[in-house]
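Hi there,

Here is the model I promised to pass on, so that you can have it open while you read. My notes on it follow below.

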Amino acid sequence: MKMILEERIHRLLLALYGVVAFLAVWGLWSRAADPERLPAGSWAAIGAVSAIGAILEVLMRMRTRKALKLMETQIKKMSDESQVGMVMVEDDQPVANLASILNHYLTTLRTELDELSLQHRELDLQILAVDAEKQNTEAVIKSISDAVMVLNAFGEPILVNRLAEELFGFTIESDAKVYRTADELIAMPQILELIEQARMGAAQPIRKEIRIVDPSGADRCFKTTVCPVRVRGEALWAIVMILHDVTQERELAEMKNEFVNHVSHELRTPLCSIKAYVQDLIEDEHKGAPERTEFYRIISNEADRLQRFIDNILNLSCIESGLMPVCPVAINLADALTEVIRLIQPSAQEKNICVEVDLAENLEVWADIDLFRQVVLNLLSNAVKYTPNGGKVILQAPPINEEENICRITVIDTGIGIADHDRELVFDKFYRAKSGSTMAGGSGLGLALAKKIVENLHGGKLHLESCPGKGSIFTIELPRRAPVDAGQKEADTLVPAIRTEQ
Amino acid sequence: MNTPTPVILVADDEAHILRIVSLKLSRAGFSVVSAYDGRTAWDQLQNQFVDLVISDYQMPEMNGIELAQRMYADERLARIPVILLTAKSFNLAREDMADTNIVALVSKPFGPTELLEAAKNILRAVNVEAG
């Protein structure tokens, strides 16, 4: 190991102090032997050596102080710059060993600091990744088409997507530090009850269908799932509540049930009459001829009713699905309606109702002849049905102004009329007005079908004017002549599928 | 000693069904009262005693269930058995018929003979025989 200057001086000083001690001992011994004799040289030597020693001591201290000052400066600089560097001291400096030890320590420190810095950077990256993941999760939750609410173990909503905000009527600020409990925010007892069940230790997700009145006052139906989230399967950490809106599905299911129910009723009722009368004819062989004939007539009428209903429902279905074939042609009104008037006579005569026909000459309409006949027949049947015994039904078609391209056919009855609030409903499927204290027969499809045939398939209009207690006037408006693009339409038409009425 | 002729009230808004059911019951020896809707049936019940009610479910003014519930709520009519005729697409739930004395459901279409047998069985159970 290299010896520094201070060590050499130190050794030299030790030697000098040894010489001084020797001279002092020698001087004292000589004085003891001969008190008169004290060699002057020895005192001089002691003095000289002491002086040299003192000078060397001072020099050595000065050098040490300077080296320490240099170290102090360097360490202060490192401290100021928050850096771990090296203390630069020359090898022959008095604090070289100290500097060497310090540098060794600093090197270790710097290595550890570098490692810590690396770990810090990794942690920063991980925090960024977690933040990004959290934001992504929130974005996913917020974009879900169901209402989603996440609550902490205290029952405080901590994340609510837009649909849940709209449903529950509150929002949570993204930087919220203090949350409020669901009890304070939500005024829906069913929701609070489910949250409480989850908090009170439900092990499995709770699933329940609930009805809620939303802030707009609408009654809505939700399939609700409440999942308790547990840390390592024990302590409750969060509650996730998902509400799937099934209002529309339930409404559709109800409409479907109602429709099936109507159809069932309309099929089973005439079938019941047919079965009952046939059974009676079979079982009662002694029945008289007039009664037998009447029973056959009833069976035949009920079979017609069944057929009409089936035709109507299938035709309506065809029109609504856009599959009804239409073959419009120019038809002579009087010719087309002869058959219809013949068909309505039996039911009119049964009620002693007079059917008056007042058609202007040479009237033409541009329509599908079968569908047109069905519209007029449905309107006449409706008029006969709601007109009391002995009443009157008028089928009218006034002359047309030559410039006008609209033909108007009117069915007037002296029946019960239709109240204002029912006027919009009469064209709905299965609507049937009350006739006095009872409901008139029929399927409730005739007017709905007539409206769709006139307006959806022919681009015409079907109006209703009515006065309760006096009667109703239905007016059909159809084009007289073919529209400009009718040629193309005619070429596109298909062979009629169902739509038989007779 | 002659037993009085049992009286059956038949309510249905379908005239043909009402007619054939009434005819069948009359021929079997029952006295028949008919009504075209629930309200008329209720009025008939106020005016005369009946042993059995055969009522359609879907009727204007008052349906068959409402009629049966009203009867059940009236101490005088609560014990009269009711046969409900229905053309619905599904069976009625038990809770729909709560607080009624509906003892049988007959789905349309039915044969009048089966309905007559059902009526006889129910009346036999309550010790009433046709004259």
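The contact between the two chains draws 21 residues from chain B and 21 residues from chain A. Do bear in mind that this is a predicted model. On the side of chain B that touches chain A, the elements giving two or more residues are α1 (15–27) and α4 (112–125) of chain B. The largest share there, 4 residues, belongs to α1(B). By residue type, that side of chain B splits into 8 nonpolar, 5 polar and 8 charged.

Now to chain B itself. Its secondary structure amounts to 4 helices and 5 strands, and along the sequence they come in the pattern β-α-β-α-β-α-β-β-α. Chain B has 131 residues, of which 41% count as buried. If you look at its contacts with a separation of 6 or more, 61% of them are between residues 24 or more positions apart.

One residue of chain B that you may like to click on is B:A104, which sits in strand β5 (residues 102–107) of chain B. Is B:A104 buried or partly exposed? It counts as partly exposed, because it has 15 C-beta neighbours inside 10 Å, whereas a buried residue would need 20 or more. Setting aside neighbours within four places in sequence, B:A104 is in contact with B:I83, B:A118 and B:I122. You can also find B:P81 from there: B:A104 and B:P81 are separated by 23 residues in sequence, and their C-alpha atoms are 8.7 Å apart in space.

Over in chain A, I spent some time on helix α9 (residues 333–350). From its first C-alpha to its last, this helix of 18 residues reaches 26 Å, close to the 26 Å expected at 1.5 Å a residue. Even so, α9(A) has a bend of about 35° at A:I344, with a proline, A:P346, following within four residues. A:I344 is also one of the buried residues of α9(A), along with A:L333, A:L337, A:V340 and A:A348. What do the buried residues of α9(A) pack against? Their partners in chain A are β6 (328–332), β7 (354–359), β8 (364–368), α10 (369–386) and β9 (392–397). Just after α9(A) comes A:N352, which takes a positive phi of about 55°.

Two of those partners, β6(A) and β8(A), pair with each other in the antiparallel sense, over 5 bridges. If you want a place to look within this pair, A:A330 stands opposite A:W366 in β8(A). As for β8(A), 4 of its 5 residues are buried, so this strand is largely enclosed by the rest of the structure.

Chain A also holds an open sheet of 5 strands, paired antiparallel, in the order β2-β1-β5-β4-β3. Its edge strands, each pairing on one side only, are β2 (157–160) and β3 (206–213) of chain A. From one strand to the next, the twist averages 25°. At the β3(A) edge, 8 bridges join β3(A) to strand β4 (residues 219–231) of chain A, and the two run antiparallel. Within this pairing, A:I210 has A:F222 in β4(A) as its bridge partner.

Happy to talk any of this through once you have had a look.

Best wishes

Methods:
Residues numbered from 1 in each chain as written. Chains lettered and ligands numbered in written order. Predicted model: local features only at pLDDT ≥ 70, side-chain atom pairs only at ≥ 80, totals over all residues. Contact = placed C-beta atoms within 7 Å. Nonpolar A, V, L, I, M, F, W, Y, C, P; charged D, E, K, R; others polar. Buried ≥ 20, exposed ≤ 12 C-beta atoms within 10 Å, placed from the backbone. Expected span 1.5 Å × (residues − 1). Bend = angle between axes of the 7 residues up to and from the residue. Pairing = 2+ DSSP bridges. Axes fitted to C-alpha atoms, helices over the stretch in contact; angles between N-to-C directions.
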